[in-house]
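Visitor: I'm new to this one, and I'd like a close look at a single part: the salt bridges. Could you walk me through them and what lies around them?

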Amino acid sequence: FYFANRLSKGWIYLKTMHFTQKIFWTAFLLRAVWVVVSYTLYQNWTGTAFSIDAADELYYNELAQYAANQIKYNGEWNIYASIKRYSAGNAFSDMGYPIYLTFIYWMFGGSIVVARLIKAILGAWTVVLMYKLASRNLGEQVGRMTAMMCMLMPNLIYYCGFQLKEVEMVFLCILFAERADFLLRKGKLAFMPTAALMLIPAVMFTIRTALAAVMVMAFFCALLLSSERIVSWGRRALLLTLALVFAGVVVTTSTSIGHDIQQMWESRGIEQRANMEWRSDRNDYKRGLSNNY
């Protein structure tokens, strides 16, 4: 909060291009420093590059290292098959991140630090996207404050030190929102920009099915509810048709994705209810311990 207040005053007169460069490189530097610091801390605490009691980190790392070695030593480029074989039939909706990590390990010799520095780059790019999205909708000053808060947000920095997929998921979500907003408001109606936009949720379906479904539904809602002043009915009808065709193709051509979406719909509210019940039971238990003492 101190630096958000200070920088919002110190950078207020910067030109747009200079401000964009400032937020990108400052965000990258903060995240890169944390990558190095956290890597050193984990090496001292656990003897590995991973956090205390790491689980998913180790899983993704093992999958990617195995697939990268298959490429390097055996010329096996069917990464999907390699990962599926090693993981004994891992679900399609969880394959995207290990495949992405495989390419990084293959190109950079299995370097965990490089993989995390790439997260720092994606995190800094996310800050720029947030600036563009907020400025376009709410004005330049609000956009700049948004960028600074995103740049300094501790948890967005923190996750750059993990071999997890949260940084990539956040980046893809913000990229989709910013590009969709640009396409609806200022972009010319063309097949290629729309097709490129739909590639983002297509990739997300291989990382987190529920989030990809939400992205597509958010786009549908924006098309249906936006003012005619912003989105003409002709553009709205064509984009909606393309988005519906995309959603239909994705769901019908992948039984795994279709099953995941159906399961998510059928179990809506159950997980939240179970979580609240657990919290209630936990609070009763803690009150019981307090009374005993």
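Guide: Let's start with the term itself: a salt bridge here is a side-chain nitrogen of Lys or Arg within 4 Å of a carboxyl oxygen of Asp or Glu. Keep in mind that this is a predicted model. By that rule, the count comes to six salt bridges.

Take Lys119 and Glu168, whose side chains meet in a salt bridge at 3.0 Å, N to O. This pair links distant parts of the chain, since Lys119 sits in helix α6 and Glu168 in helix α9, 49 residues apart. Buried means under 20% relative accessible area. Lys119, at 0% relative accessibility, therefore counts as buried. Glu168 counts as buried too, at 7%.

Helix α6 has another partner to show you. Arg116, in α6, pairs with Glu57, in helix α3, and those two are 59 residues apart, so this is again a link between distant parts of the chain. The side chains of Glu57 and Arg116 meet at 3.4 Å, N to O. Arg116 is buried, with a relative accessible area of 0%, and Glu57 counts as buried at 3%.

Now for a pair inside one helix. Glu140 and Arg144 both lie in helix α7, which covers residues 140-152, and they are four residues apart, about one turn of the helix. An α-helix has 3.6 residues a turn, so residues three or four places apart point the same way. The side chains of Glu140 and Arg144 meet in a salt bridge of 2.7 Å, N to O. Glu140 is partly exposed, with a relative accessible area of 29%, whereas Arg144 counts as buried at 5%.

There is also a network of salt bridges, and it links Arg136, Glu178, Arg179 and Asp181. Arg179 leads us on to the nonpolar surroundings. Leaving aside neighbours within four places in sequence, Leu197 is in contact with Arg179, and also with Phe176, Ala180, Leu183 and Phe219.

Leu197 is among the residues with the most contacts inside the largest nonpolar core, which has 24 residues; others in that group include Phe171, Phe176 and Phe219. Helices α6 (112-138), α9 (166-185), α10 (191-204) and α11 (209-225) each supply at least two residues of this core. The largest share, ten residues, comes from α9. A second, separate core has 15 residues, including Phe50, Ala54, Tyr97 and Phe162.

Helix α3, where we met Glu57, turns up again around helix α4. In α4 (residues 79-86), Ile79, Ser82 and Ile83 are buried. They cover an arc of only 95 degrees around the axis, which puts them on the same side of α4. What covers the buried residues of α4 includes α3 (56-74) and α5 (96-107).

For contrast, have a look at the outside. Phe103 lies in helix α5 and is partly exposed, with a relative accessible area of 35%. Together with Trp77, Trp106, Met107 and Phe108, Phe103 makes a nonpolar surface patch of about 540 Å².

One last stop is the loop between α2 (16-46) and α3, where you'll find Asp53. Asp53 is exposed, with a relative accessible area of 76%. Its phi is positive, about 55 degrees, although Asp53 is not a glycine. Most residues other than glycine have a negative phi.

Notes
Residues numbered from 1 in each chain as written. Predicted model: local features only at pLDDT ≥ 70, side-chain atom pairs only at ≥ 80, totals over all residues. Heavy atoms only, no water. Buried < 20%, exposed > 50% of the residue type's maximum accessible area, 1.4 Å probe, protein only. Arc of directions from axis to C-beta. Contact = heavy atoms within 4.5 Å. Core = buried A, V, L, I, M, F, W, Y, C linked by side-chain atoms within 4.5 Å. Patch = residues over 30% accessible without salt bridge, like charges linked within 9 Å, V, L, I, M, F, W, Y side chains within 5 Å. Areas by Shrake-Rupley, 256 points an atom, 1.4 Å probe, with all protein chains shown as cover.
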